Amino acid sequence: MQDIRLAIFDWDGTLMDSVGRIVACVQGAARDCELAVPAPSQIRQIIGLSLDVAMSRLFPLSSGSGSGSGSGSGSGSVFDERQIAVLIDRYRHHYLHDATPSPLFSGAGELLHDWRSRGLQLAVATGKSRSGLDRVLDETGLRPLFVTGRGADEARSKPDPLMLEQILNELGLSTRQAVMIGDSVHDMAMAEAIAMPRIGVTWGVDSRDALSRHGPVAVVDSMTALRALL
């Protein structure tokens, strides 16, 4: 992979151990809205997607379903959009106040500093919103290491490759000069769609077998193994 000039990282489940916090916050949002609480295994399947897509998949509401005064009023699509918006609002509330730890994975900071010191450019392509991405970059002190990034509200949700295309266009690079690194099949499928090299990591949401179905150049089990690839 000598021609790689840019490493694009997913955030949740790849650099930050935030899966447990995401699960807790989605479940909290469901309880607030008096909806059936999804199991952790269900929530793990939507991590990495934009919140509107994720909530729509987890809570496929229809006219006359759900709780509160909206039930049975108006058209199904209007009700769905309103309920999804409320779910997203409650999720964000919980994420700001939830006490579930979400540290960087061990070795993540060292890897990023090492690659950056050797001239590799770094970027983020995440299911978080821009405000959410900005918040974690500042909280972790990692913002200076990244040349750019895209949140889900600045492009289309994974696995659509638009955010990768935007990053490449901004930096004037080709797909063969970049690599996507992520823990979910959404990350792998996004890069696969534009024939970008991709590396799967197994410490997040999806298994080695699931990641391997998207033709990654490697699937690694540790930050040390990842660091050795570039």
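The legends below describe close-up views of a predicted model.

**View 1. The open sheet and its strand order.** In this predicted model, 6 strands form an open sheet in the order E3-E2-E1-E4-E5-E6, and the pairing between them is parallel. Strand E3 (148–150) and strand E6 (218–220) are the edge strands, each of which pairs on one side only. From one strand to the next, the twist averages 20°.

**View 2. The pairing of strands E5 and E6.** Strand E5, covering residues 198–201, runs parallel to E6 and is joined to E6 by 3 bridges. Within this pairing, Gly200 stands opposite Val219 in E6, and E6 is itself one of the edge strands of the sheet.

**View 3. Helix H7 against the sheet.** Helix H7, made of residues 162–171, lies across strand E1 (6–9), strand E2 (121–125), E3 and strand E4 (178–182). The helix runs at about 155° to E3, which is an edge strand of the sheet.

**View 4. Helix H1, its span and its burial.** Helix H1 (residues 19–32) has 14 residues, which at 1.5 Å a residue should span 20 Å, and because its end C-alpha atoms are 20 Å apart, the model agrees with that expectation. H1 is mostly covered, with 10 of its 14 residues buried, that is, under 20% relative accessible area. The buried residues of H1 are Val19, Arg21, Ile22, Val23, Cys25, Val26, Gln27, Gly28, Ala29 and Ala30.

**View 5. The residue Glu34 after helix H1.** H1 is followed by Glu34, for which the phi angle is positive, near 55°.

Conventions. Residues are numbered from 1 along each chain as its sequence is written. This is a predicted model: local features need pLDDT of at least 70, side-chain atom pairs count only at pLDDT 80 or more; totals for chains, interfaces and linings use all residues. Side-chain values use heavy atoms; hydrogens and water are left out. Two strands pair if DSSP finds at least two bridges between them. Helices (H or I, at least four residues) and strands (E, at least two) are DSSP runs, numbered from the N terminus. Axes are lines fitted to C-alpha atoms, for helices over the stretch in contact, and angles run from 0 to 180 degrees between N-to-C directions. Contact means heavy atoms within 4.5 Å. The expected span of a helix is 1.5 Å times one less than its number of residues. Buried means under 20% relative accessible area, exposed over 50%, partly exposed in between (1.4 Å probe, protein chains only).
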